[in-house]
Amino acid sequence: MSGSMEIPPQVQNMLAQLQQLRTQMEALGRQKLQVEAMLRDAENALEELEKVDADALVYKNVGELMIKASKDEVKEELAEKKETYGLRQKTLERQEERGQKRYQQLQQQLQEALGGVTQQPAGTA
């Protein structure tokens, strides 16, 4: 390749930022899927808990153990988890939106920068 085909440092920097942002967005997507699954689990557990009698035996996981607990205690813990997961999901969605906007901005800046590079006549750089 000739010297006129070199990528300007500014464009290299934008490409690196774009790649880094893509990686971050993929990680955010994975986190969001995990949180959504935990939220669904908490919601399903709460629904099932509503179906059992107030005096039914209820157990909860504590590490590797299953401990007997009151229905109200388990219900309260699940409601807290559900709220926490819901907040985390909203936070991840906002981060995802900001990341997508930033990604689009970088793409546009990169296209403009490349448009400027490709439109310059050879030897004027």
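## A tour from helix α2 to the largest pocket

Start by selecting E76, which sits in helix α2. The model you have open is a predicted one, so please read every distance and area below as computed from that prediction. With a relative accessible area of 51%, E76 is exposed; the cut-off for that word is over 50%. Now add L46 to the selection and draw a line between the two C-alpha atoms: E76 and L46 are separated by 9.3 Å, although they are 30 residues apart along the chain.

**Next stop: K60 and its partners**

Stay with helix α2 and select E73, together with K60. Their side chains meet in a salt bridge, with 2.9 Å from N to O. E73 belongs to helix α2 and K60 to strand β1, so this pair ties together parts that are 13 residues apart in sequence. Is K60 buried or exposed? K60 is buried, because its relative accessible area is 19% and the limit for buried is under 20%. E73, at 34% relative accessibility, counts as partly exposed.

Keep K60 on screen and add E77. The side chains of E77 and K60 also meet in a salt bridge, this time at 2.8 Å from N to O. Here again the contact runs from helix α2, where E77 lies, to K60 in strand β1, so it ties together parts that are 17 residues apart in sequence. E77 is partly exposed, with a relative accessible area of 32%. Show the three residues at once and you have a single network: K60, E73 and E77 are joined by salt bridges that share partners.

**Over to helix α1**

How many salt bridges does the structure hold? There are five, and another one to select is the pair K51 and E48, whose closest N and O atoms are 3.1 Å apart. Both residues are in helix α1, three residues apart, which means that about one helical turn separates them. Colour them by accessibility if you like: K51 counts as exposed at 61%, whereas E48 is partly exposed at 45%.

**A nonpolar patch on the surface**

Move on to L57, in the loop between α1 and β1. L57 is exposed, with a relative accessible area of 59%. Add Y59 and M66, then switch on the surface: L57, Y59 and M66 make a nonpolar patch of about 360 Å².

**Last stop: the largest pocket**

To find the largest pocket, select A45, Y59, K60, V74 and L78, the residues that lie nearest its centre among the 15 that line it. Which elements give two or more residues to this lining? They are α1 (9-51), β1 (58-62) and α2 (71-119). The space in the pocket comes to about 360 Å³. If you colour the lining by class, you should find 10 nonpolar residues, one polar and four charged.

Two of these residues will be familiar from earlier stops. Y59 is part of the nonpolar surface patch, and K60 is the residue whose side chain meets those of E73 and E77. Leave Y59 and K60 highlighted as you rotate the view, since both are among the residues nearest the pocket centre.

Technical notes. Residues are numbered from 1 along each chain as its sequence is written. This is a predicted model: local features need pLDDT of at least 70, side-chain atom pairs count only at pLDDT 80 or more; totals for chains, interfaces and linings use all residues. Side-chain values use heavy atoms; hydrogens and water are left out. On a 1 Å grid over the protein atoms alone, a cavity is a set of points where a 1.4 Å probe fits but cannot get out, and a pocket is an open set with protein on both sides within 12 Å along at least five of seven lines; lining residues have an atom within 4 Å of a point. Grid points are joined across faces, edges and corners, and a volume is the space filled by probe spheres set on the points. Helices (H or I, at least four residues) and strands (E, at least two) are DSSP runs, numbered from the N terminus. Ala, Val, Leu, Ile, Met, Phe, Trp, Tyr, Cys and Pro count as nonpolar, Asp, Glu, Lys and Arg as charged, and the others, Gly among them, as polar. Patches are made of residues with over 30% relative accessible area and no salt bridge: like charges are joined within 9 Å, nonpolar side chains (Val, Leu, Ile, Met, Phe, Trp, Tyr) within 5 Å. Accessible areas come from the Shrake-Rupley method with a 1.4 Å probe; for residues, only the protein chains shown count as cover. A salt bridge is a side-chain nitrogen of Lys or Arg within 4 Å of a carboxyl oxygen of Asp or Glu. Buried means under 20% relative accessible area, exposed over 50%, partly exposed in between (1.4 Å probe, protein chains only).
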